[in-house]
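Student: Could you take me through one part of this model in detail? I would like a close look at the place where the two chains meet, with enough of the surroundings to find my way.

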Amino acid sequence: MAEVVAIQTVAIILLGLLVVGLLRSHAEILRTLHQLGAGLDPDGASPAAGVTSAVAPPVRRGAATGFDLAGVTPTDEAVRIGVVGARQSTVLAFLSSGCGTCGSFWGTFGGAGRLAVPGDARLVIVTKGPEAESESAIRDLSPAAFPVVMSTEAWLEYKVPHTPYFVYVDGPSGRIIGEGSAQSWDQVVSLWSQALADDASRAAGGEDRADRELLQAGIRPGHRSLYPPQAN
Amino acid sequence: MATLTRQGLEIELPDGWDGRIYRREADDGAVTRRALHAANFALPPNLGDYAVGAAERMTAGDVLVVLIEFDPARAGEGLYKNEGLPTGLSADDFSPSAMPRAMPGRTAAQWFFSVAGRAFCLYVVLGNHNGRATLMPLVNQVVGTLRIDR
């Protein structure tokens, strides 16, 4: 009997050592992934990843264009959202049910009152598809006022690096005006207001420059070179 | 053009169009049926079967296409005696009085038909009754891509 107890004790100690080793190995892997910038939640971003501000700087894709969204809703509807070629611009909010920071956005979007969206854009929430996200959890979180599309393809097409993540797409041109991450909706509004102002400024600057160059070349409004030759 | 397909319904959507296909909510004991919404403007979420909430937001150039399936017991008779999806929709088919409730400027039309023993209603709403003739090519283009699986 004493031998059995001794053998069990040794076995338990060995198993305990094994578990401790596995936990340390797991922690080491997670730490390495964070250092590589593969963390999915800005809440957990380490200083080593270079995130020092509450708002990650937006990535400007220049001439990159958006994509229409195709997927399902949390109530199992097949859905397609026109983003490129739409009359209005679209803010895509890539959220998940599990990320800590996303919780505040789900709350804000589901709250009472009108939500200010820069440029009067349409807000669309995009989660991963049902194969990678809990349909019931998303159904419970879904706000009544905004469409929710579950589409892993959209995450891949927009190259979403982490959650929460926001992309602003100009409707008529389909151009991505800007994208980035934030901790609160107020920060997103600030981010896009700035991006829209920068975009408008760039557009105006380009027009002024073209006018200046034409004037320097002696071409003024009404100059015949500005009009195609008339066919007889 | 992009294809939206689900549950035996299919439609080709031009760039910038929204669409959704779903099973209608069932009352106690009722059998759920399919429904489709397509629009060239942003469809709000949580619409009823006739998408009245979307029609309320429509402006002059807007088009809303709704397809609703009804009880197959009604197929082939009465309202549903016409077989096959309607084609060649005409501006003359539209009337402001076909709106579910008065909405100034807007106009609508309904076509009831059957396909393979199933009963359907095609309901189209336009944002501007006076300008409906200019929207008909777009309406016919989109409605012409509707497919119902037999």
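Tutor: Happy to: we will start at the interface, follow its strands into each chain, and then visit some residues further along. Please keep in mind that this is a predicted model.

Let's begin with the contact between the chains. On one side, 19 residues of chain A take part, and they are in contact with 23 residues of chain B. Putting the two chains together buries about 1,500 Å², and carbon and sulfur atoms give 43% of that area. If you want to know where chain A contributes, look at A:Ala78, A:Arg80 and A:Arg87: these lose the most area to chain B, together 42% of what the chain A side buries.

Charged side chains also meet here. The rule finds 4 salt bridges across the interface of chain A and chain B. One of the salt bridges joins the side chains of A:Arg87 and B:Asp62, at 2.2 Å from N to O. As for polar contacts, the count between the two chains is 12 residue pairs, with both residues at pLDDT 80 or more. The element that gives the most to the chain A side is strand S2 of chain A (residues 78-81), with 4 residues. Sorted by type, the residues on that side of chain A divide into 10 nonpolar, 3 polar and 6 charged.

Strand S2 of chain A deserves a second look. This strand is joined by 3 bridges to strand S3 of chain B (residues 18-23), and the two run antiparallel. To find the pairing on your screen, go to A:Val79, which stands opposite B:Arg20 in strand S3 of chain B.

From strand S3 of chain B, you can step on to B:Arg33, in the loop between S3 and strand S4 (34-39) of that chain. Is B:Arg33 buried or exposed? Its relative accessible area is 17%, and the cut-off for buried is under 20%, so B:Arg33 counts as buried. Setting aside neighbours within four places in sequence, B:Arg33 is in contact with B:Tyr22, B:Arg23, B:Arg24, B:Glu69, B:Phe70, B:Asp71 and B:Pro72. Past strand S4, the loop that leads to helix H1 (52-55) of chain B holds B:Asn46. B:Asn46 has a positive phi of about 60° although it is not a glycine, and at 61% relative accessibility this residue counts as exposed.

Chain B has further strand pairings to look at. Strands S1, S2 and S8 of chain B form an open sheet in the order S1-S2-S8, with antiparallel pairing. Its edge strands are S1 (2-6) and S8 (147-148), each of which pairs on one side only. Strand S2 of chain B (residues 9-13) pairs with S8 over 2 bridges, and B:Glu10 stands opposite B:Arg147 there. Elsewhere in chain B, strand S6 (residues 107-115) and strand S7 (residues 118-126) pair in the antiparallel sense over 9 bridges. B:Phe113 has B:Phe120 in S7 as its bridge partner. The two strands form a hairpin with 2 residues between them, and B:Ala116 in the turn has a positive phi of about 50°. Strand S6 of chain B is mostly covered, as 8 of its 9 residues are buried.

Now back to chain A, which has 5 helices and 7 strands. Of its 232 residues, 33% count as buried. A good example is A:Val91, in strand S3 of chain A (residues 90-94). A:Val91 is buried, with a relative accessible area of 0%. Leaving out residues up to four places away in sequence, A:Val91 touches, among others, A:Val117, A:Leu123, A:Val124, A:Tyr168, A:Trp185 and A:Trp192. A:Val91 and A:Gly171 are 80 residues apart in sequence, yet 9.9 Å apart in space from C-alpha to C-alpha.

Two backbone details in chain A round off the visit. A:Asp120, in the loop between helix H2 (102-110) and strand S4 (122-127) of chain A, has a positive phi of about 50° although it is not a glycine. A:Asp120 is exposed, with a relative accessible area of 59%. The other detail is a cis peptide bond from A:Thr163 to A:Pro164, with omega near -10°. You will find A:Pro164 in the loop between helix H4 (152-157) and strand S6 (165-169) of chain A.

Notes:
Residues numbered from 1 in each chain as written. Chains lettered and ligands numbered in written order. Predicted model: local features only at pLDDT ≥ 70, side-chain atom pairs only at ≥ 80, totals over all residues. Heavy atoms only, no water. Contact = heavy atoms within 4.5 Å. Buried area = accessible area lost by both parts, 1.4 Å probe. Polar contact = N/O pair within 3.5 Å; in protein donor to acceptor, adjacent residues only side chain to side chain. Nonpolar A, V, L, I, M, F, W, Y, C, P; charged D, E, K, R; others polar. Pairing = 2+ DSSP bridges. Buried < 20%, exposed > 50% of the residue type's maximum accessible area, 1.4 Å probe, protein only.
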